[in-house]
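User: I'm new to this one and would like a short guided look. Could you take me through a few spots, one at a time?

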Amino acid sequence: TVTGVQTCALPISGVACAGIFATVAITTVDSLGMKGLVLANTVQHGAHATILAVYLVRHGIPISATRIRAMLRVAVASGTMALALTGATVMVVPPTSTVALVLYLGATAGIGGAIYLATLVALRGSEVTSVLVAIRARGA
């Protein structure tokens, strides 16, 4: 429900996004491998966010300028992280052994998260402050 209105449009958007994922994955996995699946998942999430934003606006729920700025900050942080990690994957060949691969993926996730967080901090994202306040409140 959205503000008490029950609708079947939201589950349909999920099904549509699954179709978008499948289409992108099928067309890119042969040439890009795992990166094709990552691309498909990224496109799926972007499509889902766009469909839901259109849905909210169509049902009279405005998207404020503050929310739009927050979405743009997240998009810039995501793009920065993607560019940095893409560059790193070109320079570093992933290991083939399981343990080394797990360590490689863990390090990549940590570095990507740090780049994402640093970008949000640099853009003065209120999201970072809100998360820190919530973490401190749980610990207190």
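What follows is a handful of questions and answers about some helices and the residues around them.

User: Before we start, what kind of model is this? And where does arginine 124 lie?

Analyst: This is a predicted model, so keep that in mind throughout. As for arginine 124, look past the end of helix H4 (98–122) and before the start of helix H5 (126–139). That puts arginine 124 in the loop between H4 and H5.

User: What is the phi of arginine 124?

Analyst: Some background helps here: most residues other than glycine have a negative phi. Arginine 124 is not a glycine, yet its phi is positive. The value is about 55 degrees.

User: Is arginine 124 buried or exposed?

Analyst: The cut-off for exposed is over 50% relative accessible area. Arginine 124 has 74%, so it counts as exposed.

User: Now arginine 73: is that one buried or exposed?

Analyst: Arginine 73 sits in helix H3 (residues 65–91). To count as buried, a residue needs to be under 20% relative accessible area. Arginine 73 comes in at 15%, so the verdict is buried.

User: Leaving aside neighbours within four places in sequence, which residues is arginine 73 in contact with?

Analyst: Setting those sequence neighbours aside, the list has arginine 124, the loop residue with the positive phi, on it. In full, the contacts of arginine 73 are Leu120, Leu123, Arg124, Gly125, Ser126 and Glu127.

User: How far apart are the end C-alpha atoms of H4?

Analyst: H4 has 25 residues, and at 1.5 Å a residue it should span 36 Å. The model agrees with that expectation, because the end C-alpha atoms are 36 Å apart.

User: Which residues of H4 are buried?

Analyst: Look at what covers them to start with: the cover includes H3 and H5. The buried residues of H4 under that cover are Tyr104, Gly112, Thr119 and Leu120.

User: At what angle do the axes of H3 and H4 cross?

Analyst: Two packed helices are described by the angle between their axes and the distance between the axes. For H3 and H4, the axes come within 8 Å. Their crossing is right-handed. The contact of H3 with H4 has 11 nonpolar, seven polar and one charged residues, and the crossing angle is roughly 145 degrees.

User: Last one: is methionine 91 buried or exposed?

Analyst: Methionine 91 belongs to helix H3. Its C-alpha atom is separated by 15 Å from that of leucine 105, 14 residues apart along the chain. With a relative accessible area of 70%, methionine 91 is exposed.

Terms used. Residues numbered from 1 in each chain as written. Predicted model: local features only at pLDDT ≥ 70, side-chain atom pairs only at ≥ 80, totals over all residues. Heavy atoms only, no water. Helix = DSSP H or I, 4+ residues; strand = E, 2+ residues; numbered from the N terminus. Buried < 20%, exposed > 50% of the residue type's maximum accessible area, 1.4 Å probe, protein only. Contact = heavy atoms within 4.5 Å. Expected span 1.5 Å × (residues − 1). Axes fitted to C-alpha atoms, helices over the stretch in contact; angles between N-to-C directions. Left-handed = near helix turned anticlockwise from the far one by under 90°. Nonpolar A, V, L, I, M, F, W, Y, C, P; charged D, E, K, R; others polar.
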